[in-house]
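Welcome! Please take a moment to look over the protein shown here, and then read on for a short tour.

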Amino acid sequence: MEREQGRSAIVVGAGIGGLAAAIGLQRAGWTVTLLERAPQLREAGAGWSFAPNALRAADALGVGTEFRACSVPTEAGATMRLPGGEYLIRFQPGDDPPLLANHRADLQRVLARQVPADGVRTGAEVTGVRQDDDGVTVTCGDGRQMRADLLVGADGIHSTVRRRVWPDAPQPVFQRILCWRGVSAPGSVWPVSGFQTWARGARFGAHPLTDERVFWFLTVRQEEPGAHFADDLGEVAARTHGWHEPIPALLAATPPETVLRHDIYDLDPLPSYAKGRIALLGDAAHAMTPFLAQGACQALEDAVVLAAEAAGRAPVPHVLNRYDQVRRPRTQQVQRMARADPKLSLSTSAATYRLMTAMTRLASSGVARRKSARLWNWTPPALPTEVTR
Ligand SMILES: Cc1cc2nc3c(=O)[nH]c(=O)nc-3n(C[C@H](O)[C@H](O)[C@H](O)COP(=O)(O)OP(=O)(O)OC[C@H]3O[C@@H](n4cnc5c(N)ncnc54)[C@H](O)[C@@H]3O)c2cc1C
C-alpha cells in the first residue's frame, strides 16, 4: 500500500471541484493525489457561467488570471427576452457586474495545469473507502490501495464516497427538467453578448465564449427521466421554432453530434459534509439545479474554505468539522433557492407564466441585481500565499 508523505490528502474526482480542492490543499502545504476514474482528464462538456463569487474564489486559489483569460463577459444574467424577441429586462452597460462564461474543457485544462502531473492518477476509479484513527484508505477498481491523512470526495452527484461513508444519505432527486446544451462553430454567429429567452415551460440561454463560439442551452419540463430523441438538435429546433434570432442561427451553426442532453437531478440537503477524516465537496455534497448557475461556483467556494481551514496544524477531524460548519448553511441555502426557482421560472401554467413575465417586465434591472447580490455576496477567507510544506 502506498502512503503519501507529510500532511497528505487524496481527492476523488477531477471535475472543477476536485481540481480546485487539489489546488487549494497544495497551496495550504498538503501533498495531494487526485484520483480520476476517466482514462484521461476529460475535455468534455459545453459552456457555463460564473458569478463574481466564483471569481473571488479563483483569485483566492491563485488562478484568477488564468480563469479570466479563458472567459468572456456575458450579459445573459440581465437580458431576458420573450420568444418573439421583446425584451423583459435589458442589460444596461455599467449595471450588473457581468458574469463570465467559458467552455468547461478550457477551464478544466487551465485548472489541471496547476496540479503537478505526478499528483494525478487517471483510470483510478475509487470503489472503497475506509478510515481509522490514523488515516483513510481508498481502494480502486483494480484493487490498488492508497492511504492519506484526509480524503475529499469530489466525485459528483452520484458520489461513490458519499454512498460508502453516508450509506443512508438520500439519493439524487429528478427535478422534472431536461436540458440540451450545444456550442456553435467558431466565428459562425458573432457577436453575441448573452441573453435568455423565456417561454412557458421552457428557457433558452446563450453565452459568448472565447474563439467567437457561443454556448447555448434549452431547459424544458419533462415528467420522466430517460427521454430519448433520435435527433437532439432537430428536437431543440422544433421546440424553439419561430423564436427570435440569433436562436435559429446558433442552432444551425452547431455540429449536431456535439449536442448534450441531460436529465436534471439535485440532492436533498445532507445532514453533514464531513465525517472524521473524510469530506464531501461540490456536487457530491450539494448538487443543485442549474437555474442559478451556482453549482460550480459553490464548488470553488468549498475548495477555498477547505484550504483555509486545512492551512493550520489543527487535527484533520477538526479541520473538516469547521469546513462542514462554514459551508453547509451557505450551500444548502443556494441549493434550496436553485430547487425553488424552476417551480416558477419553468412553470407550464399559463397564468403563472403571464404573471411572472409581467412582473419581470416591471422590475428594473436593479431588482435583478439585488436578487443576485444576495447570492454573489461572498468573501473568501485568506489562504497562505506560499506553499508551506
Ligand atoms: C445543464 C447544467 C448547466 C450548469 N451550468 C452551470 C453554470 O452555468 N454555472 C455553474 O456554476 N454551475 C453550473 N452547473 C453545475 C456544475 O456543472 C456542477 O456543479 C459542477 O460541474 C460540479 O463539479 P464537481 O467537480 O463537484 O463534479 P463533477 O463535475 O461531476 O466531477 C466529478 C468527477 O469525479 C469523477 N468520478 C466520479 N466517480 C468517481 C470515482 N468513483 N472514482 C474516481 N473518480 C470519480 C468523474 O469522472 C468526474 O470527473 C450546471 C450543471 C448542469 C447539469
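Helices (H or I, at least four residues) and strands (E, at least two) are DSSP runs, numbered from the N terminus. This is a predicted model, in which local features need pLDDT of at least 70 and side-chain atom pairs count only at pLDDT 80 or more, while totals for chains, interfaces and linings use all residues. Residues are numbered from 1 along each chain as its sequence is written, and side-chain values use heavy atoms, with hydrogens and water left out.

**The ligand and its surroundings**

- The ligand is surrounded by 32 residues (each with a heavy atom within 4 Å of it); the closest are G17, E36, S49, R104 and D283.
- By type, this shell divides into 14 nonpolar, 10 polar and 8 charged residues. Here Ala, Val, Leu, Ile, Met, Phe, Trp, Tyr, Cys and Pro count as nonpolar, Asp, Glu, Lys and Arg as charged, and the others, Gly among them, as polar.
- In the side chain of E36, an N or O atom is 2.6 Å from an oxygen atom of the ligand. A polar contact is a pair of N or O atoms within 3.5 Å; within protein, one must be able to donate a hydrogen and the other to accept it, and residues adjacent in sequence count only if both atoms are side-chain atoms.
- T160 has a side-chain N or O atom 3.3 Å from a nitrogen atom of the ligand.
- For D283, the distance from a side-chain N or O atom to an oxygen atom of the ligand is 2.7 Å.
- Taken alone, the ligand exposes 1,000 Å², and the protein buries 89% of that. Such areas come from the Shrake-Rupley method with a 1.4 Å probe; for residues, only the protein chains shown count as cover.
- Two or more residues of the shell come from each of α1 (16-27), β4 (47-50), β14 (173-183) and α9 (295-310).

**Sheets and strands**

- Strands of a sheet pair through backbone hydrogen bonds, either parallel or antiparallel. Two strands count as paired if DSSP finds at least two bridges between them.
- One open sheet has 6 strands in the order β9-β3-β2-β13-β20-β19, with mixed pairing. Its edge strands, β9 (120-121) and β19 (274-275), each pair on one side only.
- Within this order, β2 (residues 8-12) and β3 (residues 31-35) are parallel partners over 5 bridges, and I10 stands opposite T33 in β3.
- Another open sheet has 7 strands, ordered β7-β6-β15-β16-β17-β14-β18, and its pairing is mixed too. At its edges are β7 (87-89) and β18 (260-266), each pairing on one side only.
- Strands β16 (residues 202-209) and β17 (residues 213-221) run antiparallel and are joined by 8 bridges; A202 stands opposite V220 in β17.
- Over 4 bridges, β11 (residues 136-140) pairs with β12 (residues 145-148) in the antiparallel sense. They form a hairpin with 4 residues between them, and G143 in the turn has a positive phi of about 90 degrees.

**A helix with a kink**

- Why does a span of 42 Å suit helix α10 (residues 316-345)? The expected span is 1.5 Å times one less than the number of residues, so its 30 residues should span 44 Å, which agrees with end C-alpha atoms 42 Å apart.
- There is a kink of about 35 degrees at R327 in α10, shortly before the proline P329. The bend at a residue is the angle between axes fitted to the seven residues ending there and the seven starting there.

**Backbone details in the loops**

- W190 and P191 are joined by a cis peptide bond with omega about 0 degrees; P191 lies in the loop between β14 and β15 (195-199).
- E245 and P246 are also joined by a cis peptide bond, with omega about 10 degrees, and P246 is in the loop between α6 (232-239) and α7 (247-252).
- E212 is not a glycine, yet it has a positive phi of about 55 degrees; E212 sits in the loop between β16 and β17.
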